[in-house]
Amino acid sequence: MANSISRALDDVVLAELEAEAIWAMRECAAFSNPVLMYSIGKDSTVLLHLARKAFAPGPIPFPVLHINTGWKFQEMISFRDNAAKELNLDLRVHSNFSAMDEGVTPFTYGADEYTRIMKTVALREALDLGGFNLAIGGARRDEERSRAKERMFSLRSAGHTWDPRNQRPEFWSTVNNLLPEGASVRAFPISNWTELDVWKYIRRENLDVVPLYFAAERPTIEVNGSLLMVDDERLTEHYKQEPVLRQIRFRTLGCYPLTAAEESETTSVDDIITELETTNRSERAGRLIDGEGASSMEAKKLEGYF
Amino acid sequence: MNSSVVFTVICGSVDDGKSTVLGRLLVDSNSIPADTLDQARTTRRAGSVIPVGEIDYSLLTDGLESEREQGITIDVAYRHMYLPSGRRIIMSDSPGHEQYTRNMAVAAAKAHIALLLVDASRGVRSQTVRHANICGLMGVKKIIVAVNKMDAVDYSQARFNEIVTELNHRLGTLGFDSIEYVPVSGLVGVNVSVSAPETPWHTGKTLVEALNDFAEVEADTNAALRIPVQAVIRTADNRGYAGQVMSGSVQVGQQVQVWPSGATCTVSAITSPTQSDVYAAGSAVSVEFDREVDAARGHIICGVDEEVLPVSRVFLSDMIWVSDTPQTKSQSYILKAGPIEVPASISAIRFVTDMDENEQVEASSLSMNDVARVEITLARPILLDSYEANRDTGGYILCDRLSQETVAAGMVIHPIRRESEVLRHDFSVGRTQREALAGHKSCVLWLTGLPSSGKSTIADEVEKSLHSLGYRTTVIDGDTVRTGLSSDLGFSSEDRSENVRRVAHLAEIVMQAGVVAIVALVSPIAKDRDAARELFKESDFFEVFVDTPLEVCESRDVKGLYKRARQNLVTNMTGAGQEYEAPENPELRVDGSDDLELVTAAIVDLVIERQNRP
C-alpha cells in the first residue's frame, strides 16, 4: 500500500497526524481523571511519546496503566519497566488476580474467554478502582472494521459497554467532556494513523521499541499452523513439543501463547517499512484472539475491550 | 485545516451502490490488504449472485454485526485510500437512511470533499437532496456527483444529462465552489479509476481523477490568528499556553492579544513537535509570552491587527438537532466551542428547513435531524468566528445539562449584537461632547403600532414641536427605510426581524450623534422590539405604543393595504393576516384617533423629562 508516497509527503502527513494527536491528548487532560493505557507495543510507544510532546517541557499530567495478564513476553515487561524509569512515569499495573488464583490460563480457557477474563474484566476493574473517566488507547481505524466505525472520543456507558448504534456525535475540534453517572470515554488520539504511519513516525522520532518486532533466532513451536515463541517453559509443558530455533519476528504483540510469529529477515525499522509497503497483509492476521468468529473484535468491544 | 490528509464524505441514498463504488475505489487504489481481498473472493453472503472467485466489493466495506442484523448502516466508517499523487484520502462512508442523518452530518462536518452517489435508473431521490443539503450546510465546498449503475441504463448519455440538469438546479444554491459529474458503474468498473469505452461521450474526469484534483487544499495564510488555549503548561521560569493554531499563523516576536482579557503581549518562545519559523494553521504549539498574562483554558490567542474581535452574546446560527430528545423552549444548555464553555439558550427559531423541498417552514421546537436557523443567547459574551470563516472556531455544540448528551451542532452566521465595547476604537469625540454642543440630551422615541395607526403623522408633529423648542431631531420612517437601507428585505418574519434590527442600530447611531431619533415602524413582533431595546440604556429608549383601534386604521387605510389584504392581494400584512403583538409595558401609550396636539405634547414631554435624568 501507499508505495508511491514520497518521503516529503510522508513528513507533511506525519506532522498533521501528530498535531491532531497532540490536540486530542490535550483535550484528554481536560477530563477530570484521565489515564493512558500502555500495552508496551508500537502503538503504545507512539502514544506515550505523543503524550510527552503534548505537555513538554512539563510532565505527562496523567498516570499510565498496564493490564498484565501474566502471559506477556518477558521482553515486554522489562521494556515497560525501563520506559517507566527513564521517562519517570506514574506507572500503574493491574491484573485480574482472582482469576489468576483460580488458574485461568490461555490453555484452560478458549482464547476468547481468556481474553475476556484477563484483559476486558481486568481493564474494567482497573478503571473502576482508579475512578478513571477517560482512558486513552492506541487503537487505529485501519486495524479492524469495528474500529473503523469508532469515534475519536468514544462514550462508554456505565459498565464500560460500547453502543455502536448510538454513538455520541463528534463535531470539529469540540469534545463533549460531560459524562452521565458512571459513564466514561475511550479516547483514540491516533485513530487516523495507519500501521505504516506508526512505523514511519517511530523512524522519524528515533523511538525504541520492544526488540521482538525485529527478526532474531528464537525458540519456537508450531501449533495449528501458527508459530509460537517459547518465552518460558509453560508453553512447552502444555504442548509437549521440543522448541526449534527459527528466525522470527512479531507484527503485533500480545500474550505470547496467543500471538503468532512470522518467519522474517526484517531487522530494522527501515526493513519493517519496506516489508509493509510490499507484503500487503492485514495487521491483525497474527492475533489468534481475533480469529474466533468474524466479529470477535466487535463482540469484545461491546463488553469493554479496547 | 488539514492539507495532506483529506477527508471525503461518501453519501447518497440507500441502495445507490455506495459500498460497491467505494470498494472498487479502494481496490483500484491498492488500499486493501491482500488477505482481506482473498476473503472477498471466497466469502459469500446469502442471496449474493456474484460468482465465487470474483471480488464482492460490498464485502470490503462491510459494517458491524449489529448493523448487519438490521441490514442497514448506522454509523460512519473511516477508510484510508491513496491517490495517484500519493495523497491520502480518508473516506468517511456514511449511512444512507434518513434516521441516521446526524451521523452523516458528523462525517460532512470534517469533510473537504463530498462524493454523492445517485442511481442512474432511480434518479435523484429525496435522500440525495437531503445529503447534498447537509454537505452544503456543513461547509463542504467541493462535490463530486457519481451517477452510478450506468450499466443498468445502457450508458445513456441522455439519462446522465437529465440527472445532471436536475441536480445542477438544486446544488446551485448550496454554496459549492466546484461540482463535478461522473457517469460510473461501480459493478463493472466504468470511470471509477479508468475512463471506459462504454461512455465515449464522457469527456470529463474519472472518480479518481476528480478526487485527485479536489484533494489539493490550500491553506489560507491571511486568515485571522486563532489559538484556543487547551492547557497551561508550567515551564521552568514561565508558562506555556498550549493549543492548536486554528487559523492564521504565529511566530516568535509577534505581538498578540489574548481574549477575553484583551491583554497584548509579545510571543517570546514557541514549543512545537515540528520546529519551524512560522507556525501555520494546523500546528500544535505551546506559546510563551514576554510578560505575565491572564490566560487559561478556553481563552484565545488572537492577532493585534484585528480592531474588533467577533465577540458576541447573541448570534444568528444554523443548527442541526442530533438528539432523540426534542428541544423545548426556554431550556438552557451548555455551549461548547473548542475549549470554551458557556451556558446558552435558543432564544428564537427563525425557521426550519424542509430538507426535501429546500423550503423554510415555521417551527416552535426542534427534533432529531431538524436543520434550523436559530438565535442563540449566551450567559456571557464569547469569541466566535463565522462558520464560513473557520469551521473549528465558528462551529459549536450544545450539551444537555441533565443527560449530558450532545443535542445539537451549530454553525455561526453572525453576531446579532456585538459585545465589542472593550475593543471598540475609542473615538475622541463622543456622545457627551456632541450633546454638549447641541445643548440637550438625545434619546430614541420608538413609535410602534398597526399600519395606518398614525405613526408617521405623529412623528411629523413631534419633530415639528421639538424642532421649534431647539432640539435637533430626525425621523426614521419605516417606509423610507424600506426603499433604501432595507430594500433587499421582504416581509417574512425573518426579514421583518432583520429590518427592525437595522433600524434599531441606525437609531443608536443617530442618538450617539446627539440627535433625538424618532422611529416610526410597525415592528409587530415583541421579541424584535425587545432586541432593539437591548441596545440602549433604560433612560435612552422610549417605546411609544400608538394604540389606534383596528377599525379606525382600516377605515383610514392610507396606502390601501387593508383593502388589498382583504382581497388577498397582499399577504403577511400586520393587522390583516399577521398578528400584531401589542407592547405589554410601553413607556407611553397613545391613541392615534385622539386629538393630535395632546398626543404630540405627551410624547414631547418624554424628551423634556429625559433632560433631567442622567
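**Entry 1: domains of chain B**

Into which domains is chain B divided? I looked this up in the predicted model, and found domain 1 (5–214), domain 2 (226–303), domain 3 (311–418) and domain 4 (431–610).

I then picked domain 1 and domain 3 of chain B and checked how they sit relative to each other. Their C-alpha centres lie 30 Å apart. The two do touch: 10 residues of domain 1 of chain B are in contact with 11 residues of domain 3 of chain B. On the domain 1 side, helix 5 (101–110) and helix 6 (126–137) of chain B each supply at least two residues. Helix 6 of chain B gives the most to that side, with five residues. By class, I noted four nonpolar, four polar and two charged residues on the side of domain 1 that touches domain 3.

**Entry 2: a methionine in domain 3**

While still in chain B, I stopped at B:Met368. I found B:Met368 in the loop between strand 18 (359–361) and strand 19 (371–383) of chain B. Which residues does B:Met368 contact, once its neighbours within four places in sequence are left aside? My list reads B:Trp321, B:Ser323 and B:Asp324. I also took the C-alpha to C-alpha distance from B:Met368 to B:Val322, and it came to 5.3 Å, with the two positions 46 residues apart in sequence. B:Met368 has 15 C-beta neighbours inside 10 Å. Buried would need 20 or more and exposed 12 or fewer, so B:Met368 counts as partly exposed.

**Entry 3: chain A as a whole**

Over to chain A, where I tallied nine helices and 10 strands. The radius of gyration of chain A is 19 Å, close to the 19 Å that the globule rule gives for 306 residues, so I wrote chain A down as being as compact as a globular protein of that length. Along the principal axes, the C-alpha atoms of chain A fill a box of roughly 55 × 50 × 40 Å. I get 54% of the 306 residues of chain A as buried. I also looked at contacts in chain A between residues at least 6 apart in sequence, and 77% of them join residues at least 24 apart.

**Entry 4: the six-stranded sheet of chain A**

In what order do the strands of the open sheet in chain A run? I read 3-2-1-4-6-5, six strands with mixed pairing. Strand 3 (91–94) and strand 5 (153–156) of chain A stand at the edges with a single partner strand each, so one side of each is left without a neighbour in the sheet. The twist averages 30° from one strand to the next.

I followed one edge a little further. Strand 5 of chain A pairs with strand 6 (residues 184–187) of chain A in the antiparallel sense, over four bridges. Here I could place A:Arg156 opposite A:Ser184 in strand 6 of chain A.

**Entry 5: where the chains meet**

How many residues of chain A are in contact with chain B? I noted 52, against 57 residues of chain B. On the chain A side, the elements that give two or more residues are helix 1 (7–28) and helix 2 (42–55) of chain A. Helix 1 of chain A gives the most, with 12 residues. I sorted the chain A side by class and got 25 nonpolar, 13 polar and 14 charged residues.

**Entry 6: backbone oddities**

Most residues other than glycine have a negative phi, and most peptide bonds are trans. I went hunting for exceptions.

Two cis bonds went into the notebook. One joins A:Ala56 and A:Pro57, with omega about 0°; A:Pro57 is in the loop between helix 2 and strand 2 (64–67) of chain A. The other runs from B:Trp259 to B:Pro260, with omega near 10°, and B:Pro260 belongs to the loop between strand 10 (255–259) and strand 11 (263–271) of chain B.

I also noted positive phi values at non-glycine residues. A:Ile40 has phi near 80° and lies in the loop between strand 1 (34–37) and helix 2 of chain A. For B:Ser452, phi is about 65°, and the residue is in the loop between strand 22 (444–448) and helix 11 (455–468) of chain B.

Are these loop residues buried or exposed? A:Ile40 is buried, with 24 other C-beta atoms within 10 Å. B:Ser452 also counts as buried, with 24 C-beta neighbours inside 10 Å.

Key. Residues are numbered from 1 along each chain as its sequence is written. Chains are lettered from A and ligands numbered from 1 in the order in which they are written. This is a predicted model: local features need pLDDT of at least 70, side-chain atom pairs count only at pLDDT 80 or more; totals for chains, interfaces and linings use all residues. Two residues are in contact if their C-beta atoms, placed from the backbone, lie within 7 Å. Ala, Val, Leu, Ile, Met, Phe, Trp, Tyr, Cys and Pro count as nonpolar, Asp, Glu, Lys and Arg as charged, and the others, Gly among them, as polar. Domain bounds come from an automatic or database domain assignment. The radius of gyration is taken over C-alpha atoms; the globule rule is 2.2 Å times the number of residues to the power 0.38. Two strands pair if DSSP finds at least two bridges between them. Axes are lines fitted to C-alpha atoms, for helices over the stretch in contact, and angles run from 0 to 180 degrees between N-to-C directions.
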